[in-house]
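Biologist: Please put the model up. I want to ask how each label is earned.

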Amino acid sequence: GGYEDVLRSIRVPALVVSIRSDVLYPPAEQEELATLVPRGELFRLDSPHGHDAFLIDTDALSEGIVRFRKRVEEG
């Protein structure tokens, strides 16, 4: 199958991070990933730093990861 079939076969929870200003991996692509992975969740990071936001805005990213992990652990 294609990549959509592969993504739909993922059975573990997945956090997909979308950065508003990222031109390397545009938000629309991240939204598609989160939609196709059955247990996928989208976290939107609003940052002007583009793709490097995950290196710069670590506090905001960490908060999103912590919230996701809590939801996963709670079931």
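Biologist: What makes Ser47 count as buried?

Modeller: Buried means under 20% relative accessible area, exposed over 50%, and partly exposed in between (1.4 Å probe, protein chains only). Ser47 has 0% relative accessibility, so Ser47 counts as buried. This is a predicted model: local features need pLDDT of at least 70, side-chain atom pairs count only at pLDDT 80 or more, and totals for chains, interfaces and linings use all residues. Residues are numbered from 1 along each chain as its sequence is written, and side-chain values use heavy atoms, with hydrogens and water left out.

Biologist: Where is Ser47 found?

Modeller: In the loop between strand E2 (40-45) and helix H3 (53-56). Helices (H or I, at least four residues) and strands (E, at least two) are DSSP runs, numbered from the N terminus.

Biologist: Which residues are in contact with Ser47, leaving aside its neighbours within four places in sequence?

Modeller: Ile19, Arg20, Ser21, Ala53 and Asp57. Contact means heavy atoms within 4.5 Å. Closer along the chain, there is His49. The Ser47 side chain reaches the His49 backbone nitrogen at 3.1 Å. A polar contact is a pair of N or O atoms within 3.5 Å; within protein, one must be able to donate a hydrogen and the other to accept it, and residues adjacent in sequence count only if both atoms are side-chain atoms.

Biologist: How many bridges join strand E1 to E2?

Modeller: Six, and the strands run parallel. Two strands pair if DSSP finds at least two bridges between them. Leu15 stands opposite Glu41, and Val16 has Leu42 as bridge partner.

Biologist: What do E1, helix H2 and E2 make?

Modeller: A right-handed β-α-β unit. Right-handed means that, with the strands pointing away from the viewer, the path from the first strand over the helix to the second runs clockwise. In H2 (residues 27-36), the buried residues are Gln30, Ala34 and Leu36. They pack against helix H1 (3-8), E1 and E2.

Biologist: How do you know that the span of helix H4 agrees with the expected one?

Modeller: The expected span is 1.5 Å times one less than the number of residues. H4 has 17 residues and should span 24 Å; its end C-alpha atoms are 24 Å apart, so the two agree.

Biologist: Why say the buried residues of H4 line one face?

Modeller: Leu61, Gly64 and Phe68 are buried. Seen down the axis, the buried residues fall within an arc of 65°, so they line one face. The arc is that of the directions from the helix axis to the C-beta atoms. They pack against E1, E2 and H3. On the other side, Asp59, Arg69, Glu73 and Glu74 are exposed.
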